[in-house]
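The following exercises concern burial, packing and salt bridges in a single protein chain. Each task is followed by a solution in steps.

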Amino acid sequence: MTPHTHFKLNTGAQIPAVGLGTWRSEPGQVRQAVSFALKSGYRHIDAALIYGNEHEVGQGIKDSGVSREDIFITSKLWNTHQPNVAEGLQLTLDALGTGYLDLYLIHWPVRLVPNESSPLLPVNPDGSRAVDRSWDQSETWRQMEEVYKSGKVRAIGVANWSIPYLEDLKKKWTVVPAVNQVELHPFLPQHALKEWCDKHGILLEAYSPLGSQGAPLMSDSTIQEIATKNNVSPATILISYHVNRGTVVLPKSVSESRIVSNSQVIDLSREDMDVLDGLAATGKAKRINTPLFGWDLGFEDWYKQ
């Protein structure tokens, strides 16, 4: 069976199954990476205001020569803009040089209060993050629904939202989130979250699918064995795992060779998928991205999910 190249959102739109992530892509590199990826066949770019590189992402899109209408562009509302979604969105649209987004996500279910320390990553005098613990996330979502109705974004969703936060939001939403983008890989499969999102028509997207520097995924012996059996690299196994699962995957690279190889997806056997699905429960559970918000994000511990 040929792996999916696209998935269908609850809006009816098609989203490419593999997208280019731009988190931690350095200035001077991300423009070329985006342009090369699009020229190489990618049609999905994942960006965010907090990454600090949306202007270069926009330049890379322009450099590619690919028509805007043929590209699926995602960005994310940063935490300090939660009280004014339209303002945060406009900053992103201006930086990217586009009149609309295909998908706009609330980056975290946490509001930060800007102060003299920083407009984006403010801290209190004691060094802790300046979090507004009284903020109602349903108000942010209400404003997300407004920008969706305006046509400036063609789908809305969330990122880094756990089941408790989604359950709470469900009481107020009139537009169901199209996407929940979270850290996903065989060491953090989030089975319960996927089941919940599947039930409600919310598509999961996987960031950090290959782990990051120092992460043990690529060197894991079981993953390497599956790669050898399928005559592909461990990276191809990790990327293919998500597409076979019915999940969008967002590998990030600025290396041309890896950008090309990261777009390659193979069909995995049920046996291989079962092994990958069960890795976390064997004691290998590991979260790569742990934010310093000093805030309980409601995710269950590791493989218990």
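**Exercise 1. Determine which residues of helix α6 are buried, and how they are arranged about the helix axis.**

Step 1. The model is a predicted one. In α6, which spans residues 191-199, the buried residues are L193, K194, W196 and C197.

Step 2. Viewed down the axis of α6, these buried residues fall within an arc of 165°, and therefore they line one face of the helix. An α-helix has 3.6 residues a turn, so residues three or four places apart point the same way.

Step 3. The face turned away from the buried side of α6 carries E195 and K199, which are exposed.

Step 4. The packing partners of the buried residues of α6 are α5 (163-170), β8 (179-183), β9 (203-207) and α8 (234-245).

Step 5. After α6 comes G201, which has a positive phi, near 75°.

**Exercise 2. Classify H107 and T222 as buried or exposed, and list their contacts beyond four places in sequence.**

Step 1. H107 is placed in the loop between β6 (103-106) and α4 (137-150).

Step 2. The relative accessible area of H107 is 7%. Buried means under 20%, so H107 is buried.

Step 3. Apart from residues up to four places away in sequence, H107 touches A48, I50, Y51, K76, L77, W78, N79, A159 and N160.

Step 4. T222 belongs to helix α7, residues 221-230. With a relative accessible area of 18%, T222 is buried, because this value is under the 20% cut-off.

Step 5. When neighbours within four places in sequence are left aside, T222 is in contact with V275, L279 and K284.

**Exercise 3. Locate the salt bridge between D132 and R111, and state whether its partners are buried or exposed.**

Step 1. A search of the whole structure yields 15 salt bridges. In one of them, D132 pairs with R111, with 2.8 Å between the closest N and O atoms.

Step 2. This pair links distant parts of the chain: D132 and R111 are 21 residues apart, each in the loop between β6 and α4.

Step 3. Both D132 and R111 are buried.

**Exercise 4. Trace the salt-bridge network that contains R245, and give the accessibility of its members where a value is available.**

Step 1. R245 forms a salt bridge with D277, the closest N and O atoms lying 3.9 Å apart. The pair links distant parts of the chain, with R245 in helix α8 and D277 in helix α10 (residues 270-278), 32 residues apart.

Step 2. R245 has a relative accessible area of 10% and is buried.

Step 3. The side chains of D274 and R270 also meet in a salt bridge, at 3.0 Å from N to O. D274 and R270 both lie in helix α10, four residues apart, or about one turn of the helix.

Step 4. D274 is partly exposed, at 45% relative accessible area, whereas R270 is exposed, at 53%.

Step 5. Salt bridges that share partners join R245, R270, D274 and D277 into one network.

**Exercise 5. State the mean pLDDT of the protein chain, and identify where the pLDDT is below 50 over residues at the stretch 301-305.**

Step 1. The mean pLDDT of the protein chain is 94, and 95% of its residues reach 70 or more.

Step 2. Over residues 301-305 the pLDDT is below 50, and this stretch has 14 contacts in the model beyond near neighbours in sequence.

Terms used. Residues numbered from 1 in each chain as written. Predicted model: local features only at pLDDT ≥ 70, side-chain atom pairs only at ≥ 80, totals over all residues. Heavy atoms only, no water. Helix = DSSP H or I, 4+ residues; strand = E, 2+ residues; numbered from the N terminus. Buried < 20%, exposed > 50% of the residue type's maximum accessible area, 1.4 Å probe, protein only. Contact = heavy atoms within 4.5 Å. Arc of directions from axis to C-beta. Salt bridge = Lys/Arg side-chain N within 4 Å of Asp/Glu carboxyl O. pLDDT = per-residue confidence, 0-100.
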